[in-house]
Amino acid sequence: KQTLLPLLREETSSFIFPCHPAMQRPERQHMVLELLRCIPLLLFLLFVCGLDHLIFSILSIIQHHSFVEYSYQASHHLSVNVMGTSLMAQLLRTTIGVLNTSFDSEVETSNLACLPQPSEMTRQQYLDTCLPLGALALLCLAQVYPFRLRRAIAAFYFPKREKTRVLFLYNKLLRQRKNFLHLQRGRIARQARQPPGLGTSLLEWCRRRWPWLRRCLRRSCTLCGTLETPRHRPCPNPDCGALYCEPCW
């Protein structure tokens with residue numbers, strides 16, 4: 001509840017406001033971690049697609065440059081002519097004449113059946129392969145908003161536990177603020193002991209010499225670093241001159 005404990009500017013960045021439409025700092029950190037986990041899958045997918053294209057290129061080169069076609073032609077003619085009219089000549093013509101043959105053979109063959117027949121993946125197949133990884137990345141971005149419902153669901157079913165968590169958070173913020181103020185007081189005290197630098201002295205002299213430059217040479221809050229506004233308050237000590245915003249003051 002803001003009426004119970006208004007948050008400081010430094011504390012706002014460490015909390016998640018469920019009704020805020022933009023993605024907040026703790027959510028961005030979690031989202032970046034989830035996206036980093038997708039990088040190994042992306043690298044593996046790129047490696048597989050590259051390996052597929054490399055194997056296809058090698059097999060395609062083998063297919064186009066290793067094709068060999070054989071053509072074999074043969075012709076065989078055998079003719080035995082027995083001359084004469086005697087009984088022996090007639091007998092030889094009857095028996096040996098059967099051996100007269102004549103044939104032509106032509107054979108064509110190739111190693112096409114032994115060559116690889118690669119098929120390249122289409123653009124649609126590559127898109128279908130990368131689509132699940134793209135959906136996973138979108139889920140990493142969109143999971144921020146459903147995660148905001150976890151606290152509301154837990155508070156609905158366990159109201160006493162929710163009250164304990166709120167009290168713990170309230171006390172934790174009080175301790176952090178006490179430690180924060182203690183640390184910042186020490187830091188500002190050490191900073192005040194150091195002599196001002198040449199640039200700081202020159203800016204202060206310009207601000208005193210030409211008051212109209214104060215709109216351009218605005219100072220910042222000593223504690224949180226916000227730029228000077230009319231609501232900033234200077235330290236009442238004349239030897240200090242430090243500037244504080246209203247929440248820090």
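**Exercise 1.** Is V48 buried, partly exposed or exposed?

*Solution.* A quick note before we start: this is a predicted model, where local features need pLDDT of at least 70, side-chain atom pairs count only at pLDDT 80 or more, and totals for chains, interfaces and linings use all residues. Residues are numbered from 1 along each chain as its sequence is written, and side-chain values use heavy atoms, with hydrogens and water left out.

Step 1: get the cut-offs. Buried means under 20% relative accessible area, exposed means over 50%, and partly exposed is in between (1.4 Å probe, protein chains only).

Step 2: apply them. V48 has 37% relative accessibility, so V48 is partly exposed.

**Exercise 2.** Find where V48 sits, and see what a record says about that stretch.

*Solution.* Step 1: V48 belongs to helix α2, residues 25–65. Helices here are DSSP runs (H or I, at least four residues) and strands are too (E, at least two), numbered from the N terminus.

Step 2: an unreviewed UniProt entry places a "transmembrane region" at residues 38–62; such annotations may be inferred rather than shown by experiment.

Step 3: in the model, residues 38–62 are 100% helix and 0% strand, with 36 Å between the end C-alpha atoms.

**Exercise 3.** Work out how E27 and R148 are linked.

*Solution.* Step 1: a salt bridge needs a side-chain nitrogen of Lys or Arg within 4 Å of a carboxyl oxygen of Asp or Glu. By this rule the count is four.

Step 2: E27 and R148 make one of them, at 2.7 Å from N to O. This pair ties distant parts of the chain together: E27 is in helix α2, R148 is in the loop between α5 (144–147) and α6 (149–157), and they are 121 residues apart.

Step 3: check the cover. E27 comes out buried, because its relative accessibility is 5%; R148 is buried as well, at 10%.

**Exercise 4.** Describe the surroundings of E34.

*Solution.* Step 1: E34 is in helix α2 and counts as buried because its relative accessibility is 17%.

Step 2: look beyond neighbours within four places in sequence. There, E34 is in contact (heavy atoms within 4.5 Å) with C140 and Q143.

Step 3: E34 also has a salt bridge to R37, with the closest N and O atoms 3.5 Å apart. Both lie in helix α2, three residues apart, or about one turn of the helix. R37 is exposed, with a relative accessible area of 58%.
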